[in-house]
Amino acid sequence: MPVQYPAGTVEEHLRTRNHAGLFDVSHLGEIDVRGPDAIALVNYLASNDASKLIDGQAQYSALTTPEGTVVDDLLVYRFASDHLLLVVNAGTTTKDWEWITGHKRDESAQLKNVSSDYCQLALQGPDALGILQRLTDLPLAEIKYYHFTEGQVDGIPSMVSRTGYTGEDGFEVYAAADKAEEIWNKLLDAGNFGSDTGVLPCGLAARNTLRLEAGMALYGHEIDETTTLLEANLGWICKLNKGDFIGRDLLAKQKQEGVRRRLVGFEVTERGIARDDQLVLINGERAGKVTSGSPAPYLKKNIGMAYVPTEFANEGQQVQIDVRGRLVNAQTVKTPFYKRDK
C-alpha cells in the first residue's frame with residue numbers, strides 16, 4: 001500500500017464506519033481452479049458446499065485438516081461450473097497451494113497459483129457504492145452481498161465483488177497487478193480524498209480493529225490448525241450433509257458429542273486493554289487466552305475474543321484478563337460487537 005497518507009488507525013477506522021476507507025489487499029493469494037471437476041475438488045478440500053453456488057456468487061469457506069481444524073479460511077468465487085477462484089490469506093498462500101495440490105486426488109481439474117496476476121483493492125463504508133459508481137457503468141446497487149460481476153473500472157478490465165472484512169457494505173476490485181496504482185489513485189479522486197468526509201487510505205491495523213468490532217475471525221488468531229470450525233462458531237460454513245470432505249468425520253463426531261471449548265466475545269468492564277495472547281481466568285483458574293484484543297474505536301470500548309470451556313461460554317459470564325500481571329475484569333457478550341444498520 002502507498003504510505004504517503006498517514007492518518008492513524010483510529011481515524012482510518014472511524015472514516016470507514018462513517019464514510020469510506022480504501023485498503024490495498026493485493027497481498028492476498030489467488031488460486032485458479034478449472035475443469036469438469038472444479039467444484040468436486042473444492043468440495044472435497046473445503047468445508048462449505050461449493051455446489052450451491054451460482055455463476056457470479058462468492059462463498060466463505062475453510063480448508064480443513066483431517067482433524068477438522070483449519071488450514072486457512074478463504075473465499076470461493078464461481079465464474080462457471082468449471083471455473084472457480086479461491087482467495088486465500090497472504091501469509092498462508094504457499095502453505096495453501098501445497099495443501100491443495102498435495103490433496104488433489106484424480107479429479108479432472110487444473111490448478112494454477114495466479115496470486116501475482118492480481119491486485120485487490122477494498123473500498124468499504126457507507127459511501128463506497130457512490131464512490132465506485134463514478135468510475136464504472138456496472139450497476140453496483142444490483143450486485144447482491146457476496147456476489148460479483150465483471151466489467152471495467154475506469155476503463156480497466158476488473159472483477160467487482162460486494163464483499164469485505166470490515167462489517168460495512170463495500171466492494172473489492174480485482175484487476176491486473178500492474179493496474180493497482182492507477183485504480184487506487186482514481187478511487188481517491190472519486191472519493192474526494194483530502195476532505196473531512198472523503199475516502200481515506202487505510203492500513204492493516206484499521207482493517208484488524210474493524211473486523212474485530214464486526215466479530216470476524218482472523219487466521220492465526222481465532223482459527224488455525226489447532227481450532228475446529230465448530231469451536232470457532234463457524235458451523236454455518238461446515239456442511240456435513242454435502243458428502244465427504246477432509247475432516248468431515250471428526251467434525252460430525254464433534255457436533256454429536258459437543259465441543260469442549262468455544263470462542264466468545266468479551267468486553268472489558270474496568271480500566272484496561274486486553275491484548276492478544278493474554279491469559280483469561282474464570283473463578284481464579286486459567287481458562288484460556290485472548291485470541292484478539294483491542295480498543296474498539298467506534299464503540300469506544302475495550303473488546304476481545306477468547307476460547308473458554310463450553311460451560312462458561314454464556315453471555316454475561318464474568319472473566320478476568322491478565323494484563324501484564326494485573327487482573328482486569330471483563331464479561332462475555334454477544335457477537336458481533338458491531339452490526340451496521342441496513
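1. Lys 300 is found in the loop between E14 and E15, in what is a predicted model. Although Lys 300 is not a glycine, it has a positive phi of about 60°, and with a relative accessible area of 70% this lysine is exposed. A reader new to the structure may find this loop a convenient place to start, since another of its residues, Tyr 298, returns in the point on aromatic pairs.

2. A word on confidence should come early. The mean pLDDT of the protein is 97, and 98% of its residues reach 70 or more. Residues 1-5 are another matter, for pLDDT stays under 50 over that stretch, where the model has 13 contacts beyond four places in sequence. Where pLDDT is low, the predicted coordinates should not be read in detail.

3. A second backbone point concerns Asn 192, which is found in the loop between helix H5 (180-190) and E11. Asn 192 is not a glycine either, yet it has a positive phi of about 60°. Its relative accessibility is 48%, and because exposed means over 50%, Asn 192 counts as partly exposed.

4. Two further backbone features deserve a look. Gly 215, placed just after H6, takes a positive phi of about 70°. The peptide bond that runs from Thr 335 to Pro 336 is cis, its omega being near 5°, and Pro 336 itself lies in the segment after E17.

5. Which pairs of rings bring distant parts of the chain together? A search of the whole structure finds seven aromatic pairs. One of them joins Tyr 77 and Tyr 174 in an edge-to-face arrangement, with 5.7 Å from centre to centre and 75° between the planes. This pair links distant parts of the chain, as Tyr 77 belongs to strand E4 (residues 70-80) and Tyr 174 to strand E10 (residues 170-176), 97 residues apart. Tyr 77 and Tyr 174 are both buried.

6. A second pair is made by Tyr 298 and Tyr 338, whose ring centres are 5.3 Å apart and whose planes stand at 75°, so that this pair is edge-to-face. Here too distant parts of the chain are linked, with Tyr 298 in the loop between strand E14 (285-296) and strand E15 (301-309) and Tyr 338 in the segment after strand E17 (326-333), 40 residues apart. Tyr 298 counts as partly exposed at 35% relative accessibility, whereas Tyr 338, at 11%, counts as buried.

7. The aromatic residues are also worth viewing as a group. Tyr 77 and Tyr 174 belong to one aromatic cluster together with Phe 79, Tyr 118 and Phe 148. Elsewhere, charged side chains sit over rings: Arg 105 lies over the face of Tyr 44, at 3.6 Å from the ring centre, and the charged end of Lys 242 is placed over the ring of Phe 245, 4.7 Å from its centre.

8. Helix H6 (residues 204-213) should be examined from the inside of the model, because seven of its 10 residues are buried and the helix is therefore largely enclosed by the rest of the structure. The buried residues of H6 are Ala 206, Arg 207, Thr 209, Leu 210, Arg 211, Leu 212 and Glu 213. Their cover includes helix H1 (9-18), strand E1 (21-24), strand E11 (200-202), E14 and E15. Arg 207 also helps to line the largest cavity, along with Phe 23, Ala 122, Gln 124, Gly 164, Tyr 165, Thr 166 and Glu 172. That cavity has a volume of about 30 Å³.

9. What lines the second largest pocket? About 240 Å³ of space lies in this pocket, and of the 16 residues that line it, the closest to its centre are His 221, Asp 224, Lys 289, Thr 291 and Tyr 307. E14 and E15 are the elements that give two or more residues to the lining, and E14 supplies the largest share, with five residues.

10. Val 308 has its place in strand E15 and counts as buried at 2% relative accessibility. Leaving aside neighbours within four places in sequence, Val 308 is in contact with Arg 260, Arg 261, Arg 262, Val 264, Val 280, Ile 282, Ala 287 and Ala 313. Val 323 stands 15 residues from Val 308 along the chain, and their C-alpha atoms are separated by 17 Å.

Terms used
Residues numbered from 1 in each chain as written. Predicted model: local features only at pLDDT ≥ 70, side-chain atom pairs only at ≥ 80, totals over all residues. Heavy atoms only, no water. Phe/Tyr/Trp six-rings, centres within 6.5 Å; stacked < 30°, edge-to-face > 60°. Helix = DSSP H or I, 4+ residues; strand = E, 2+ residues; numbered from the N terminus. Buried < 20%, exposed > 50% of the residue type's maximum accessible area, 1.4 Å probe, protein only. Lys NZ or Arg CZ within 6 Å of the ring centre and 35° of its normal. pLDDT = per-residue confidence, 0-100. Contact = heavy atoms within 4.5 Å. 1 Å grid on protein atoms, 1.4 Å probe; cavity = no way out; pocket = protein on both sides within 12 Å on 5 of 7 lines; lining within 4 Å. Points joined across faces, edges and corners; volume = space filled by probe spheres on them.
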